[in-house]
Amino acid sequence: VSWTGLYSPRRSGPPRRRRDMIDDHGSWTRAQAVDFLDASRGWAPRSLLIEAMEALKAVGDERSVDADVLVTSSVTSSEEARGAPHRRRAADLGCGAGTEVLELLRHGFEVLAVDLHAECVEETRRRAAREGVDDRLETLVADLAGLELPRDRFDLVHSGFALPFCPRSAWPACWTAIARSVRVGGVFAGQFFGPHEPMMLNAASADVTVLDREDVANLRRVV
């Protein structure tokens with residue numbers, strides 16, 4: 001798990017282009033989503049995802065890793081109980097332009113890509129189709145608030161700077177759904193806003209979820 005703005009305000013915030021994408025309510029308009037797609041094409045996969053995939057190789061049932069990656073344990077999946085071959089599955093919540101989705105697909109995962117904006121989901125599917133890996137891709141246009149995920153489904157759940165935009169009132173249910181969707185020995189890799197995130201300076205009244213270190217430590221308690 002990584003944070004931004006966890007301890008104290010920074011003098012130099014994110015680039016103006018990024019900050020201007022956030023309106024006074026902490027959300028994006030359709031035009032802003034399209035602007036983000038234009039800006040993010042060509043970006044490399046987030047390092048946190050790469051670390052999570054590497055950690056997953058070393059994680060066994062009911063074990064954790066000594067890294068900034070959160071590992072959850074749950075009951076044995078129905079797939080394992082039936083003795084069926086295990087297929088590696090991942091979810092990317094807030095997939096954006098699909099950069100991390102493509103990285104997961106290239107590594108053989110079946111991937112569920114979720115985003116609130118249809119433009120992002122469509123771009124993700126187009127990119128996967130161009131590389132011939134869309135047969136392992138499932139997409140969903142949905143808000144993280146109220147998102148339902150199958151229990152014990154994923155080996156890896158990634159969310160890059162999307163979860164902070166889940167409204168505070170919806171956050172407990174959102175996180176519970178995410179945590180319970182992770183299989184035995186699975187990995188969650190995500191990014192949150194700390195109390196002094198500069199991106200929120202022009203959206204002081206935004207209904208977003210901000211977590212401090214104690215809040216993140218408590219995420220492990222969800223079973």
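Is Trp-175 buried or exposed? That was my opening look-up, and the answer is that Trp-175 is buried, with a relative accessible area of 3%. A note to self before going on: this is a predicted model.

**Entry 1: aromatic rings**

I searched the whole structure for aromatic pairs and got 6. I started with Phe-165 and Phe-193, whose ring centres are 5.6 Å apart with planes at 85°. Planes over 60 degrees apart count as edge-to-face, so the Phe-165 and Phe-193 pair goes down as edge-to-face.

Where do Phe-165 and Phe-193 sit along the chain? Phe-165 is in the loop between β6 (154-159) and α7 (171-181), while Phe-193 is in strand β7 (residues 182-193). They are 28 residues apart, so I noted the pair as a link between distant parts of the chain.

I then checked how covered the two rings' residues are. Phe-193 is buried, at a relative accessible area of 0%. Phe-165 comes out at 22% relative accessibility and counts as partly exposed, because the cut-off for buried is under 20%.

Back to Trp-175, for its partner. The rings of Trp-175 and Phe-188 have centres 4.9 Å apart and planes at 80°, so this pair is edge-to-face. Trp-175 belongs to helix α7 and Phe-188 to strand β7, with their positions 13 residues apart in the numbering, and the pair links distant parts of the chain. Phe-188 is buried, with a relative accessible area of 1%. I also followed the ring pairs outward from here: they link Trp-171, Trp-175, Phe-188 and Phe-192 into a cluster.

One more ring caught my eye. Arg-88 lies over the face of Phe-109, at 4.2 Å from the ring centre.

**Entry 2: strand β3 and its partners**

How many residues of β3 are buried? I found 5 of the 5, so β3 is largely enclosed by the rest of the structure. In a regular strand the side chains alternate between the two faces of the sheet. Here, Arg-89, Ala-91 and Leu-93 point one way from β3, and Ala-90 and Asp-92 point the other way. Residues on both sides are buried.

Next I looked at what β3 pairs with. With β4 the pairing is parallel, over 5 bridges. Within it, Ala-91 stands opposite Leu-112, and Asp-92 has Ala-113 as its bridge partner. With β6 the pairing is again in the parallel sense, over 3 bridges. Asp-92 turns up here too, with His-158 as its bridge partner in β6.

I kept walking from β6 to β7. These two strands pair in the parallel sense over 5 bridges, and Leu-156 stands opposite Val-187 in β7.

How covered are these neighbours? β6 is mostly covered, with 6 of its 6 residues buried. β4 is mostly covered as well, with 5 of its 6 residues buried.

**Entry 3: the second largest pocket**

I looked up the second largest pocket and found about 180 Å³ of space in it. Which residues are closest to its centre? Of the 14 that line it, they are Val-111, Leu-112, Glu-138, Arg-153 and Phe-154. Leu-112 is familiar from above, as the residue opposite Ala-91.

The elements giving two or more residues to the lining are β3 (89-93), β4 (110-115) and β5 (137-141). By type, the lining residues divide into 8 nonpolar, 6 charged and no polar.

Val-111 led me to Val-101. The two are 10 residues apart in sequence and 6.9 Å apart in space, C-alpha to C-alpha. Val-101 is found in helix α5 (residues 99-106) and counts as buried at 0% relative accessibility.

**Entry 4: backbone check**

Last, I went through the phi angles. Most residues other than glycine have a negative phi, and most peptide bonds are trans. Which residues did I flag against that background?

- Asp-152 has a positive phi of about 55° although it is not a glycine. Asp-152 lies in the loop between β5 and β6, and is buried with a relative accessible area of 12%.
- Phe-161 is not a glycine either, and its phi is positive, near 55°. Phe-161 is placed in the loop between β6 and α7.

Notes:
Residues numbered from 1 in each chain as written. Predicted model: local features only at pLDDT ≥ 70, side-chain atom pairs only at ≥ 80, totals over all residues. Heavy atoms only, no water. Phe/Tyr/Trp six-rings, centres within 6.5 Å; stacked < 30°, edge-to-face > 60°. Helix = DSSP H or I, 4+ residues; strand = E, 2+ residues; numbered from the N terminus. Buried < 20%, exposed > 50% of the residue type's maximum accessible area, 1.4 Å probe, protein only. Lys NZ or Arg CZ within 6 Å of the ring centre and 35° of its normal. 1 Å grid on protein atoms, 1.4 Å probe; cavity = no way out; pocket = protein on both sides within 12 Å on 5 of 7 lines; lining within 4 Å. Points joined across faces, edges and corners; volume = space filled by probe spheres on them. Nonpolar A, V, L, I, M, F, W, Y, C, P; charged D, E, K, R; others polar. Pairing = 2+ DSSP bridges.
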